[in-house]
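This report looks at helices and charged pairs in a single protein chain. Please have the sequence and the model open while reading.

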Amino acid sequence: MTVPENSMRKYKPSAPLFGSGRFYLDALALVVPVMLQSLVTSLVSLVDNFMVAGLGDEKMAAVNVANQLNFVFFVLVNVSCMAGGIYLSQHRGAKNEEGMRQAFRFKLLASTAISAAYIAACLAIPEELLGLMLSGNAASAEISREGAAYLRIVSLSFVPIAISSATGSAYREIGQAKAPLLFSSTAALVNTFFNWVLIYGSLGAPRLEIAGAAIATDIARAVELAAFLAWTKWKRPAFAFRPSRLFALDRRLFAEILRKSGMIFFSETAWVVSETIIAALYNGRGGPETVAGMAAGWTIANLFFLIFGAIHTATAVIVGSTLGAGRLDEARAKARWISSGAVALGAMGGLLAAVSTALVPIVFGNLSLEARVLTRGLVFLIGAYLPLWALLNAQFAISRSGGDTAMGFFVDVGGTYALFVPAAFALAAWTSVGPVALFGIAKISDIGKAAIARWWLGKERWVRNLAAPSGPDSGATDPGGATDPGGA
């Protein structure tokens with residue numbers, strides 16, 4: 001009697017390291033709109049910073065410290081969308097439209113609740129929040145005052161951002177990425193236009209400076225939300241439902257998503273807190289030129305971080321849908337190909353990042369020389385780390401595509417708080433290294449995280465069909481009928 005191969009082994013990387021050209025072309029067809037959307041957003045951020053940089057180091061520092069805080073909000077909203085997206089992708093693979101609608105409800109409710117809480121904090125204690133990011137900075141009081149005015153106005157955009165993020169990510173998870181690209185591009189153009197009008201008082205408008213930048217963001221996000229709502233009402237995608245049915249919840253599935261996503265929320269929150277901590281540490285190593293220079297560097301780097309969203313989208317759709325359809329060996333092979341492709345994509349991004357430093361004197365010529373030197377150094381450093389970070393993003397995306405949220409908790413949070421954060425504090429307290437070196441040395445810890453993540457993925461806790469009728473913790477089967485030990 002021949003024993004099916006699936007029943008004989010745990011996972012071994014028997015698949016080729018790289019997939020076929022057709023596999024990557026299909027993946028690119030899926031993620032290019034996502035990357036273009038992120039590119040448009042990042043370019044608009046670059047234009048925003050270019051316009052604000054014309055107001056000087058201090059005002060650019062104020063806007064960017066506020067946006068460092070807003071980064072926490074964006075990550076939490078993205079995590080809520082990611083958590084619901086795991087289930088939306090798998091229910092799509094299982095052709096379960098009600099499951100898709102329930103996952104979309106989760107995205108909307110969770111992201112909107114996060115927005116409401118953050119708005120309350122921004123309106124009540126903006127200067128206190130900004131002060132946490134500027135401890136030790138020579139211009140802390142001035143930057144906090146300017147940043148608080150910006151934060152109060154821009155907080156009006158947070159609920160539209162949450163709803164648009166939930167809806168746009170849902171379209172991407174069903175393989176329809178063109179509409180989110182179009183709407184985000186439109187919003188970006190609106191934002192750029194009103195920045196030009198309101199920051200400097202063009203076309204007879206009042207010169208509002210950084211308050212004008214905040215108002216421009218509010219207008220653009222309102223336009224984006226209106227476009228998403230109109231498109232969804234017209235197209236009625238499989239995940240859509242009537243607004244009156246928003247609270248028609250499947251409590252069992254919601255509890256399951258919360259249980260599975262709890263570790264994602266915790267690990268991503270812990271990560272973004274660690275990034276905020278190190279930002280506060282390097283912000284304190286100088287005056288407004290330090291904050292402005294590092295912020296400008298991150299603005300350029302965001303042009304290349306678009307590969308991370310592409311990796312997560314490709315993994316959620318390709319691996320998640322394959323798992324949801326019960327084709328577990330195929331999902332194993334595709335996960336391996338995505339990981340290898342991610343490293344190659346990160347290497348190409350790193351080379352482009354190094355080349356992009358030639359733009360610093362052009363785009364940020366209004367900043368001080370000290371700020372521009374920091375900007376170039378940070379972009380070079382980030383380019384060197386991009387292949388490693390692309391691999392880490394692929395590893396975490398693979399684990400989450402099958403509901404293994406524990407890896408992110410133990411590997412990411414454990415590595416961050418056992419190595420990265422202590423190293424950053426030690427460097428800040430006992431050395432005089434500059435802000436770029438402080439960040440770069442502390443980030444060496446990511447090499448250990450990638451090694452542990454590779455070992456963890458080999459345990460195959462992610463090889464599960466979450467959409468199987470018997471429940472997310474049951475063994476799943478391949479089409480051949482053999483019980484796959486990876487789901488045990």
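## Helix geometry

The expected span of a helix is 1.5 Å times one less than its number of residues. The model discussed here is predicted, and in it helix H3, which covers residues 97-124, has 28 residues and should therefore span 40 Å; its end C-alpha atoms are 41 Å apart, which agrees. At the N-terminal end of H3, asparagine 96 acts as a cap, with a side-chain oxygen 3.3 Å from the backbone nitrogen of glutamate 98. Glutamate 98 also belongs to a network of salt bridges that links Glu97, Glu98, Arg101 and Arg105.

Helix H11 (residues 306-324) is built from 19 residues, and the distance from its first C-alpha to its last is 26 Å, close to the 27 Å expected at 1.5 Å a residue. Of these 19 residues 16 are buried, so H11 is largely enclosed by the rest of the structure. Glycine 326, which follows H11, has a positive phi, near 85 degrees.

## Salt bridges across the chain

Side chains of opposite charge can pair when their charged atoms come close. The structure holds 16 salt bridges, and three pairs are described here and in the next section.

Glutamate 275 and lysine 443 meet through their side chains in a salt bridge, at 2.9 Å from N to O. Because glutamate 275 lies in helix H9 (residues 251-283) and lysine 443 in the loop between helix H16 (435-442) and helix H17 (445-457), the pair ties together parts that are 168 residues apart in sequence. Glutamate 275 is buried, with a relative accessible area of 13%, and lysine 443 is buried as well, at 5%.

A salt bridge also joins glutamate 460 to arginine 332, with the closest N and O atoms 2.6 Å apart. This pair, too, links distant parts of the chain, since glutamate 460 is in the segment after H17 and arginine 332 is in helix H12 (residues 328-356), 128 residues away. The relative accessible area is 0% for glutamate 460, which is buried, and 3% for arginine 332, which is likewise buried.

## A pair with mixed exposure

Glutamate 209 and arginine 207 form a salt bridge in which the closest N and O atoms are 3.0 Å apart. Which of the exposure classes does glutamate 209 fall into? Glutamate 209 has a relative accessible area of 19% and is buried, the cut-off for that class being under 20%. Arginine 207, by contrast, is partly exposed, with a relative accessible area of 48%.

How values were computed:
Residues numbered from 1 in each chain as written. Predicted model: local features only at pLDDT ≥ 70, side-chain atom pairs only at ≥ 80, totals over all residues. Heavy atoms only, no water. Helix = DSSP H or I, 4+ residues; strand = E, 2+ residues; numbered from the N terminus. Polar contact = N/O pair within 3.5 Å; in protein donor to acceptor, adjacent residues only side chain to side chain. Buried < 20%, exposed > 50% of the residue type's maximum accessible area, 1.4 Å probe, protein only. Salt bridge = Lys/Arg side-chain N within 4 Å of Asp/Glu carboxyl O.
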